[in-house]
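Dear colleague,

Please find below the structure I agreed to pass on to you. A short account of what was found in it follows.

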Amino acid sequence: MVRQIRPMAVAASALALSGCVAAMAAGVASMAVQGSQKAPVSNEALKPTARYECDGYAARYGTTHIIDVQQAKVDKIIVWGTVDDGKQKQSFECDFDTKITGFKLRPIRAAQ
């Protein structure tokens with residue numbers, strides 16, 4: 001009877017350990033991928049450039065007024081402002097890393 005239990009115990013523990021080994025291998029692979037990615041570099045020094053570039057881009061739509069420039073992420077600056085073409089005033093949001101990466105223009109609704 002003892003001889004029959006021992007092989008079953010070995011097989012059961014081998015099965016359990018194989019799951020642990022697979023999980024450890026997946027964890028190591030994930031850490032290797034993360035380690036190979038470069039950490040983003042701060043572009044905070046580019047705030048004046050972001051302001052200038054976004055202001056120039058928004059000027060296509062009218063007279064501009066910059067409201068705020070914020071560091072949203074370590075490598076992303078957002079510039080908010082308004083443009084007025086004499087008929088309609090609109091708000092804009094401009095995303096910047098080392099160049100303009102996004103621009104959204106939205107109408108401003110009149111207060112009721």
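**Trp80 and the sheet around it**

Trp80 lies in strand β2. Please note that the model is a predicted one.

With a relative accessibility of 27%, Trp80 is classed as partly exposed, because the value falls between the 20% limit for buried residues and the 50% limit for exposed ones. Apart from neighbours within four places in sequence, Trp80 contacts Ile66, Ile67, Asp68, Gln70, Phe92 and Glu93. Between the C-alpha atoms of Trp80 and Lys104 there are 9.7 Å, although 24 residues separate the two along the chain.

As to the strands themselves, β2 comprises residues 76-84 and β3 residues 89-96, and eight bridges join them in an antiparallel pairing. Within β2, what does Thr82 stand opposite in β3? The residue facing Thr82 there is Ser91.

The wider arrangement is an open sheet of four strands, ordered β1-β2-β3-β4 and paired in the antiparallel sense. Its edges are formed by β1 (63-73) and β4 (100-107), each of which has a pairing on one side only. From one strand to the next, the twist averages 15°.

Helix α2, spanning residues 47-58, packs on this sheet and touches β1, β2, β3 and β4. The direction of helix α2 makes an angle of about 140° with that of β1.

In viewing the model, you may wish to begin at Trp80 in strand β2 and then turn to helix α2 packed on the sheet.

With kind regards

Technical notes:
Residues are numbered from 1 along each chain as its sequence is written. This is a predicted model: local features need pLDDT of at least 70, side-chain atom pairs count only at pLDDT 80 or more; totals for chains, interfaces and linings use all residues. Side-chain values use heavy atoms; hydrogens and water are left out. Two strands pair if DSSP finds at least two bridges between them. Helices (H or I, at least four residues) and strands (E, at least two) are DSSP runs, numbered from the N terminus. Axes are lines fitted to C-alpha atoms, for helices over the stretch in contact, and angles run from 0 to 180 degrees between N-to-C directions. Contact means heavy atoms within 4.5 Å. Buried means under 20% relative accessible area, exposed over 50%, partly exposed in between (1.4 Å probe, protein chains only).
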